[in-house]
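New to this one? Take a moment with the sequence and the 3D view before reading on.

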Amino acid sequence: MSTYVITIPGTFLAPPSADVRAAVERELRPADPRQTSLGRREELRILTVNENDTFTVRLEVEAADSDEAEDTARRTVASALTAVGVAADDAPLGPAVVTGIEV
C-alpha cells in the first residue's frame, strides 16, 4: 500500500455558503493531505474554492495502486458533498489525478 495525494476539480453550480464550505472541509478532514510530506511541503489545502465557484479538493488516500486511489478519492468527495446536503448534480466533479505518491 502507498499513500497518494489525489486532486479532484469540480464546480459548485450554486455558490456555496461559508457554512457549506466549512462542513465539506470537516467531512474531508480525515483525508487531509497535510499529513503527508508533499502536503506539508506544498502547503496543500484540502478544499480550495475559487471566485467562479470552481473548486479543487486534495486528499490523502491509502491504496494499492493509482486507479484504486483515484476511485476512493472520488467516492470520498462525493460522500462528503452529499453528507452536507450538496447533490451530485449541484457540484459535478472532474477527473481525479494523482499529484503525489509516498511509498
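Here is a short tour, from the sheet to its helices, its core and a few single residues.

## The sheet

Keep in mind that this is a predicted model. Its open sheet is built from 4 strands in the order 2-3-1-4, with antiparallel pairing. Strand 2 (47–49) and strand 4 (97–102) sit at the edges with a single partner strand each, so one side of each has no neighbour in the sheet. Going from one strand to the next, the twist averages 20 degrees.

Strand 1 covers residues 2–11, and strand 3 covers residues 54–63. These two pair in the antiparallel sense over 10 bridges. To find your way along that pairing, look for S2 opposite A63 in strand 3, and for P9 opposite T56 in strand 3. Strand 1 also runs antiparallel to strand 4, and 5 bridges join the two. On that side, Y4 stands opposite I101 in strand 4. As for what holds such pairs together in general, strands of a sheet pair through backbone hydrogen bonds.

## Helices on the sheet

Helix 3 (residues 66–83) packs on the sheet, where it touches strand 1, strand 3 and strand 4. The direction of helix 3 makes about 125 degrees with that of strand 3.

## The core

How covered is strand 1? Mostly: 8 of its 10 residues are buried.

The largest nonpolar core has 22 residues. Those with the most contacts inside this core are I6, L28, F55, V57, L59, V61 and L81. The elements giving two or more residues to the core are strand 1, helix 1, strand 3 and helix 3. A cluster like this fits a general habit: in soluble globular proteins, nonpolar side chains tend to be buried together.

L59 is a handy place to zoom in. Which residues does L59 touch, leaving aside its neighbours within four places in sequence? They are Y4, V5, I6, L28, A31, P33, I46, A73, T76 and V77.

## Two residues of strand 1

T7 is found in strand 1. Is T7 buried or exposed? Its relative accessibility is 13%, and buried means under 20%, so T7 counts as buried. The T7 side chain makes a polar contact with the side chain of T99, at 3.0 Å. Setting aside neighbours within four places in sequence, T7 is in contact with T56, V57, R58, P95, A96, V97 and T99.

S2 belongs to strand 1 as well. With 12% relative accessibility, S2 counts as buried too. Beyond its neighbours within four places in sequence, S2 is in contact with V61, E62, A63, I101, E102 and V103. One of these, A63, is the residue that S2 stands opposite in strand 3.

## An unusual loop residue

Now hop over to the loop between strand 2 and strand 3, where you'll find D53. What is the phi of D53? It is near 70 degrees, a positive value in a residue other than glycine. For context, most residues other than glycine have a negative phi. D53 is buried, because its relative accessible area is 18% and the cut-off for buried is under 20%.

How values were computed. Residues are numbered from 1 along each chain as its sequence is written. This is a predicted model: local features need pLDDT of at least 70, side-chain atom pairs count only at pLDDT 80 or more; totals for chains, interfaces and linings use all residues. Side-chain values use heavy atoms; hydrogens and water are left out. Buried means under 20% relative accessible area, exposed over 50%, partly exposed in between (1.4 Å probe, protein chains only). A polar contact is a pair of N or O atoms within 3.5 Å; within protein, one must be able to donate a hydrogen and the other to accept it, and residues adjacent in sequence count only if both atoms are side-chain atoms. Contact means heavy atoms within 4.5 Å. Two strands pair if DSSP finds at least two bridges between them. Axes are lines fitted to C-alpha atoms, for helices over the stretch in contact, and angles run from 0 to 180 degrees between N-to-C directions. A nonpolar core is a set of buried Ala, Val, Leu, Ile, Met, Phe, Trp, Tyr and Cys residues joined through side-chain atoms within 4.5 Å.
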